[in-house]
Amino acid sequence: MPAKTQNNFIRRLINLRDSRNWSKTEVARKLGLSSMQRYANYEYGTNEPDLNMLKQIAELYDVTTDYLLGEDSAPKWIARKDTIDLKELLAAHVDSMTYGGEKLTEEERQQVRVAMAVIFWE
């Protein structure tokens, strides 16, 4: 993998795992790997997945292989219209955002907007 593609892959792999609050061990188990270290090496950039494993990772996270490799900026379930709708949705419902029943502060709402942009559109 070229360095830029590898960096995109590593960043997206970490972001996808973190967004689901999964440990490396959980991901390795979900992928049917015999050890967590094999998966961790993908995130560390010391090993690259083969094509079959790349497809499995994409399926696990419900994204395309192009997205994982940094060739596409959005997961497969996001269409251009959805990105606009999400922005409008967040703006329209800013005062009703809650987490665990507690209203979010302005700072927390901003963190949600930033996190979504980093995960899906950076």
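The following is a conversation about a predicted model of a protein and the terms used to describe it.

Visitor: What makes a stretch of this protein a helix or a strand, and how many of each are there?

Guide: Helices (H or I, at least four residues) and strands (E, at least two) are DSSP runs, numbered from the N terminus. By that rule the protein has seven helices and two strands, in the order α-α-α-α-α-α-β-β-α along the sequence. Residues are numbered from 1 along each chain as its sequence is written. In this predicted model, local features need pLDDT of at least 70 and side-chain atom pairs count only at pLDDT 80 or more, while totals for chains, interfaces and linings use all residues; side-chain values use heavy atoms, with hydrogens and water left out.

Visitor: Why is Arg17 called buried?

Guide: Buried means under 20% relative accessible area, exposed over 50%, and partly exposed in between (1.4 Å probe, protein chains only). Arg17 has a relative accessible area of 9%, so Arg17 is buried. Of the 122 residues of the protein, 34% count as buried.

Visitor: What makes Asn21 exposed or buried?

Guide: Asn21 has a relative accessible area of 68%, so Asn21 is exposed. Asn21 sits in the loop between α1 (3-19) and α2 (24-30). Phi of Asn21 is near 55°, a positive value in a residue other than glycine.

Visitor: Where is Asp62, and which class of accessibility does it fall into?

Guide: Asp62 is in the loop between α4 and α5 (65-68). Its relative accessibility is 36%, so Asp62 counts as partly exposed. Asp62 also has a positive phi of about 55°, although it is not a glycine.

Visitor: How do you know that the buried residues of α4 lie on the same side?

Guide: The buried residues of helix α4 (residues 51-61) are Met53, Leu54, Ile57, Ala58 and Tyr61. They are on the same side of α4 because they cover an arc of only 140° around the axis; the arc is that of the directions from the helix axis to the C-beta atoms. An α-helix has 3.6 residues a turn, so residues three or four places apart point the same way.

Visitor: Which exposed residues are on the face turned away from the buried side of α4?

Guide: That face carries the exposed residues Leu51, Asn52 and Glu59.

Visitor: What makes a group of residues a nonpolar core?

Guide: A nonpolar core is a set of buried Ala, Val, Leu, Ile, Met, Phe, Trp, Tyr and Cys residues joined through side-chain atoms within 4.5 Å. The largest one here has 19 residues, and those touching the most other members are Leu13, Tyr39, Tyr42, Ile57, Tyr61 and Leu68. The elements that give two or more residues to this core are α1, α2, α3 (36-44), α4 and α5. The largest share, five residues, comes from α4. In soluble globular proteins, nonpolar side chains tend to be buried together.

Visitor: What does Tyr42 touch?

Guide: A contact means heavy atoms within 4.5 Å. Not counting residues up to four places away in sequence, Tyr42 touches Phe9, Ile10, Leu13, Leu33, Asn47, Glu48, Pro49, Met53 and Ile57.

Visitor: Why is the pair of Arg17 and Glu43 called a salt bridge?

Guide: A salt bridge is a side-chain nitrogen of Lys or Arg within 4 Å of a carboxyl oxygen of Asp or Glu. The side chains of Arg17 and Glu43 meet at 2.6 Å, N to O, so the pair fits the definition. This pair links distant parts of the chain, with Arg17 in helix α1 and Glu43 in helix α3, 26 residues apart. Glu43 has a relative accessible area of 5%, so Glu43 is buried.

Visitor: What other residue does Arg17 pair with in a salt bridge?

Guide: Arg17 also forms a salt bridge with Asp18, the closest N and O atoms being 3.6 Å apart. At 42% relative accessibility, Asp18 counts as partly exposed. Arg17, Asp18 and Glu43 are thus linked in a network of salt bridges.

Visitor: How many salt bridges are there in the structure, and what joins Glu106 to Arg109?

Guide: The structure holds three salt bridges. One of them joins the side chains of Glu106 and Arg109 at 2.8 Å, N to O. Both residues lie in helix α7 (residues 106-121), three residues apart, about one turn of the helix. Glu106 counts as partly exposed because its relative accessibility is 44%, whereas Arg109 is buried, with a relative accessible area of 12%.
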